Amino acid sequence: MKNNADALIFHTAICAENVTNSFYPTRETARADFFCGSSNVNVLGMEDTMSTDSIIVLSAFAAYLLLMVGIGIYSMKKTNSTEDYFLGGRGLNGWVAALSAQASDMSGWLLMGLPGSIYAMGTGQAWIAIGLFLGTVANWLFISKPLRRYTIVAGNSLTLPEFLENRYHDKKKVLLSISSLVIVVFFLVYTASALASGGKLFNTVFGVDYHVSLAIGAAVILVYTFMGGFLAVCTTDFIQGMLMLVGLLVVPIVAYGFVSSDFVQSIQSTGVVNYDHYMSLFYNGATDQPYSFVEILSQLAWGLGYCGMPHILVRFMAVKNEKELKKSSVIAIVWVFISLVFACVIGVVGRAFLAPVVLGLDGKTSSESVFIDMINKVFNENLALPFIGGIFLCGILAAIMSTADSQLLVCASSVSKDIYKNVVKPDASDKTVLKVSRATVMIVAILAFLIAWDPDSSIMGLVSDAWAGLGSAFGPIVVCSLFWKRTNFAGAVAGILSGGLTVILWDYIPLIHGEKLCNVTGIYSLLVGFAVSLVCIVIFSLATKAPSQEILAEFNKVKTGSAEFD
């Protein structure tokens, strides 16, 4: 998402044009304020010169960033081949695989987007969190094991496009080319949004110029991803996942201790019309109106995106063995459950704890900064522990970085392994491909940096569409590839193209009286795109030649477990 202040949770509401409430007078204000936040707010109360507390917080950030770079240097010594660079030599243990997958998935959305949405509109915004939890459970329990097995049987595939090519014996590399192009386009935007979020975080917390902040965050992410590849990314993501979890648990519990005696009254003092409705899953707490079935269904549909996310699926492919994979599943599901619950708690507790201030109103910083403001008030004002507060603020930076590094690596693998090695120069040596991979990481980072240059850009608004595009393009074909043996090459091509194009058509093309379909229907494009892609896969597969006996034999080998996968 969910991704770095992505505020993916607001996509459905914005498309339906129903975020025009007391917090956001216009749809444009809602998008600009929630997605981008304020670039002029100084959360730590700093003026032009830094206070002692601010310097202490900055030292915590510096220590954290140096640790990430150190991991990149260490991981580089263990990265000698493309399999090492893209999959860590398929040697991830259960803990690293689980937390890496979930940290790169949730990112800043978990600490900024979801709490901010709950803060502004009540617990009814938790339906997306419920959908994401169900999607995570299904992904780990039903997709991870067969995907890991199939990527080994299908030519020891290192990337999702390569898996699709090998799965359907596509000698003309059509699937590989289409898949790689889809990944590069969508993940370039993802990476740009991550870098922009990092720039806004530094700018908000320290008052540092946005462009300087953007450069600092981009440089650190680039360094450790460039050097250490997948191993560095997963190791840093593991640390980032732990830091995110600790912050999610500690901050709201401590904050609640300060307001537990008058919790309800504090929330009501911020302008909440009906406390019971604010705390209800079935009401919009800002407008005091019930959610429709379509709105709830569209929010739950976010979970469909998981089985089509290359940066998550690649973690399944990289786990050391199936025993570790089983352990990863338990760890990941527990982590996601706790994290999503406490992210929602932050929104509700923050509404009471920060009272009578109402974020997003009267010039106050946007509601997505609720976690930042809570950390500042708890550790700087109430407990006078600025270094600890700085560490927890690093949790937000961790969430941002954990997504950006994964997107860089996915783009690098698509360009160097899928396009350069498999299409442009098949005889390229492993060492050459590794060099191209690192060069790609640098080029993509630079392009993303340029896209993110404008602090008022609408990149964040595109992130939700990217989630829908990837989920619709790859989700259905990944499921069918693993569980329906009649799926063939024609069905795979039709599914990828129809899913991606449906999202573009739904979200970008005004078809009804100058209005986009997402605005007219209020239905999230992922729900529609996923369904269209699935139908096209079935129709085109049944209407064309059945898979060869060789392809069916590979499918049965995976299904029956008649091969060595550890």
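## Salt bridges and a buried glutamate

E322 forms a salt bridge with K145, and the closest N and O atoms of the two side chains are 3.8 Å apart; a salt bridge here is a side-chain nitrogen of Lys or Arg within 4 Å of a carboxyl oxygen of Asp or Glu. This pair links distant parts of the chain, since E322 lies in helix α14 (residues 322-353) and K145 in helix α6 (residues 127-153), 177 residues apart. Helices are DSSP runs of H or I with at least four residues, numbered from the N terminus.

The model is predicted, so that local features need pLDDT of at least 70 and side-chain atom pairs count only at pLDDT 80 or more, while totals for chains, interfaces and linings use all residues. Residues are numbered from 1 along each chain as its sequence is written, and side-chain values use heavy atoms, with hydrogens and water left out.

The structure holds 4 salt bridges, and the table lists some of them.

| Acidic residue | Basic residue | Closest N to O distance |
|---|---|---|
| E322 | K145 | 3.8 Å |
| E322 | R149 | 2.6 Å |
| E165 | K173 | 2.8 Å |

The E322 and R149 pair also links distant parts of the chain, from helix α14 to helix α6, with the two positions 173 residues apart in numbering. E322 counts as buried at 17% relative accessibility, and R149 likewise counts as buried at 14%, whereas K145 is partly exposed with a relative accessible area of 39%. These words follow fixed cut-offs: buried means under 20% relative accessible area, exposed over 50%, and partly exposed in between, with a 1.4 Å probe and protein chains only. In the pair of K173 and E165, K173 is partly exposed at 23%, while E165 is buried at 7%. Salt bridges that share partners join K145, R149 and E322 into one network.

Side chains of opposite charge can pair when their charged atoms come close. What, then, is the nearest side chain of opposite charge to E554, which is buried yet has no salt bridge? That side chain is R167, 6.4 Å away from E554, where Lys and Arg count as positive and Asp and Glu as negative, and His and the chain ends are not counted. E554 is placed in helix α22 (residues 549-560), and E554 touches Y150, V153, N166 and H169, not counting residues up to four places away in sequence; contact means heavy atoms within 4.5 Å.
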